[in-house]
Amino acid sequence: MKVKTISTENFVLTKMTAADGDKYFRLSNNDNVMKYVTGHALDRQESDKMLRTFLAEYGNDTYLGRYLIEGRYSGELIGTAKLDMDGSEVEIGYRILEEHWGKGIATEIARGLIGFAKQTLLAKQVIAYVNVGNAASIRVLEKAGMVNIERIEDLDEIKYKFIYSPQNNPLMKKVLYIILGIIAVVLIAAFIMPKDYAVEREVIINRPKSQVFEYIKSLKNQDNWSVWMGKDPNIKKNYTGTDGTVGFTSMWEGNKEVGKGEQEITKITEGERVDTQLRFIEPFESSNDAYMITEEVDPSATKVKWGFSGSMPIPMNVMLPFMGMEESVGKDFQDGLNNLKGILEK
């Protein structure tokens, strides 16, 4: 089996060989890099001996072992990484050249090793060990989705054992926090924003008030001038009760634009006002109060006001500013009133 390289977005990890002594010495001959490994920089003899020890652990026919980390496009040496078996668990590790610290490289490598161990090696658990004083590596492992589960006190070192725990993945936490933040903002906005809405339009009709009122209190007559009736020529209509009296109900069922619902006369102030209740069933359920008012302008002219009002529950009321009630419903009301004017002034 020829072991293939392991790739991340920006780096390539290649299994180390005895020919990589010079590259490994560049890494091991640095006090800061080796601080939590040997406690001091290695000379060339010590470095070569350590490399031989690593290479003897695993053969060339396994993904387990030590890797060189190099730039995917530049080929620049970045550091080394490892995949080891620790019982039934796969252990990951890395060392980065000091000049590349603080660039997020270690986090990318750790995530890449975790993904490879889970997907290719089918590891049931991915672990890492880190010295308790190595704060930078602790942060890296946490960013990569690992969590500290144990403090281990060896003779020569005190270290933490980390395991990969997706539910503790900081990225997922960040996404969750963002979602919760958005929900909180929406709820706050919902409590602040108004729940009630109302639309009203008016028109002057050159006919006496009594004549206008007698016509508009009939819900059947409304079918002649309301713009919604014209949006579905095949609309189905049913009526119950006596038109022009309280309790009369007009029911409709039409296409997606018209929907399904009913309108009931709830109050009549003779010669002045007709109140109705609009109950929408499809495409969504809601209830609105509507009215028509007549006001005498002069003996031969009447002002007609047509409006409706309703309430949207929290948190759906945050959608009110985007629904364009004034523009869309208001236009239909005005067009309907203009149709009424045209019918009555013939």
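**Close-up views of a predicted model**

**View 1. Strand 4 is mostly covered.** Of the ten residues in strand 4 (residues 77–86), eight are buried. The model shown here and in the views below is predicted. Strand 4 belongs to an open sheet of eight strands. The strand order in that sheet is 1-2-3-4-5-6-8-7, and the pairing is mixed. Strand 1 (6–7) and strand 7 (146–153) are the edge strands. Each of these two pairs on one side only.

**View 2. Strand 3 meets strand 4.** Strand 3 (residues 65–71) and strand 4 run antiparallel. Six bridges join them. Gly-65 stands opposite Leu-83 in strand 4. Tyr-67 stands opposite Ala-81, again in strand 4. The two strands form a hairpin, with five residues between them. Gly-75 lies in the turn and has a positive phi of about 75°. One general point helps in reading this view: side chains in a regular strand alternate between the two faces of the sheet.

**View 3. Strand 5 meets strand 4.** Strand 5 (residues 89–96) is also antiparallel to strand 4. Eight bridges join the two. What stands opposite Leu-83 in strand 5? The residue is Ile-92. Leu-83 thus appears in two views, since Gly-65 of strand 3 stands opposite Leu-83 as well. Strand 4 and strand 5 form a hairpin with two residues between them. In its turn, Gly-87 has a positive phi of about 70°.

**View 4. The largest pocket has a volume of about 1,300 Å³.** Its lining counts 46 residues. Which of them are the closest to the pocket centre? They are Val-37, Tyr-94, Arg-95, Asn-134 and Ser-137. Several elements give two or more residues to the lining: helix 2 (44–57), strand 4, strand 5, helix 3 (105–119), strand 6 (126–131) and helix 4 (135–143). Helix 4 gives the most, with seven residues. By class, the lining of this pocket has 20 nonpolar, 13 polar and 13 charged residues. Strand 4 and strand 5, the hairpin strands of View 3, are both among the elements named for this lining.

**View 5. Tyr-24 and Phe-54 form an edge-to-face aromatic pair.** The count of aromatic pairs comes to five. In this one, the rings lie 6.1 Å apart, centre to centre, with 90° between the planes. Tyr-24 lies in helix 1 (residues 21–28) and Phe-54 in helix 2, so the pair ties together parts that are 30 residues apart in sequence. Tyr-24 is buried, with a relative accessible area of 1%. Phe-54 has 13% relative accessibility and also counts as buried, because the cut-off for buried is under 20%.

**View 6. Tyr-239 and Phe-248 form a stacked aromatic pair.** The distance is 5.8 Å centre to centre. The angle between the planes is 10°. Is Tyr-239 buried or partly exposed? Tyr-239 counts as partly exposed, at 32% relative accessibility. Phe-248, at 1%, counts as buried. A charge is also placed at Tyr-239: the charged end of Lys-220 sits over the ring, 5.0 Å from its centre.

**View 7. Arg-273 sits over the ring of Tyr-291.** The contact is made by the charged end of Arg-273. This charged end is 4.7 Å from the ring centre. Tyr-291 is also one of the residues that line the largest cavity, shown next.

**View 8. The structure holds one cavity of 30 Å³ or more.** How much space lies in the largest cavity? The volume is about 60 Å³. The lining residues are Ile-216, Lys-217, Leu-219, Gln-222, Gln-263, Val-274, Thr-276, Ala-290, Tyr-291, Met-292 and Trp-306. Helix 7 (219–225), strand 13 (273–282) and strand 14 (286–298) are the elements that give two or more residues to this lining. Strand 14 provides the largest share, three residues. By class, the lining of the cavity divides into seven nonpolar, three polar and one charged.

Notes
Residues numbered from 1 in each chain as written. Predicted model: local features only at pLDDT ≥ 70, side-chain atom pairs only at ≥ 80, totals over all residues. Heavy atoms only, no water. Buried < 20%, exposed > 50% of the residue type's maximum accessible area, 1.4 Å probe, protein only. Helix = DSSP H or I, 4+ residues; strand = E, 2+ residues; numbered from the N terminus. Pairing = 2+ DSSP bridges. 1 Å grid on protein atoms, 1.4 Å probe; cavity = no way out; pocket = protein on both sides within 12 Å on 5 of 7 lines; lining within 4 Å. Points joined across faces, edges and corners; volume = space filled by probe spheres on them. Nonpolar A, V, L, I, M, F, W, Y, C, P; charged D, E, K, R; others polar. Phe/Tyr/Trp six-rings, centres within 6.5 Å; stacked < 30°, edge-to-face > 60°. Lys NZ or Arg CZ within 6 Å of the ring centre and 35° of its normal.
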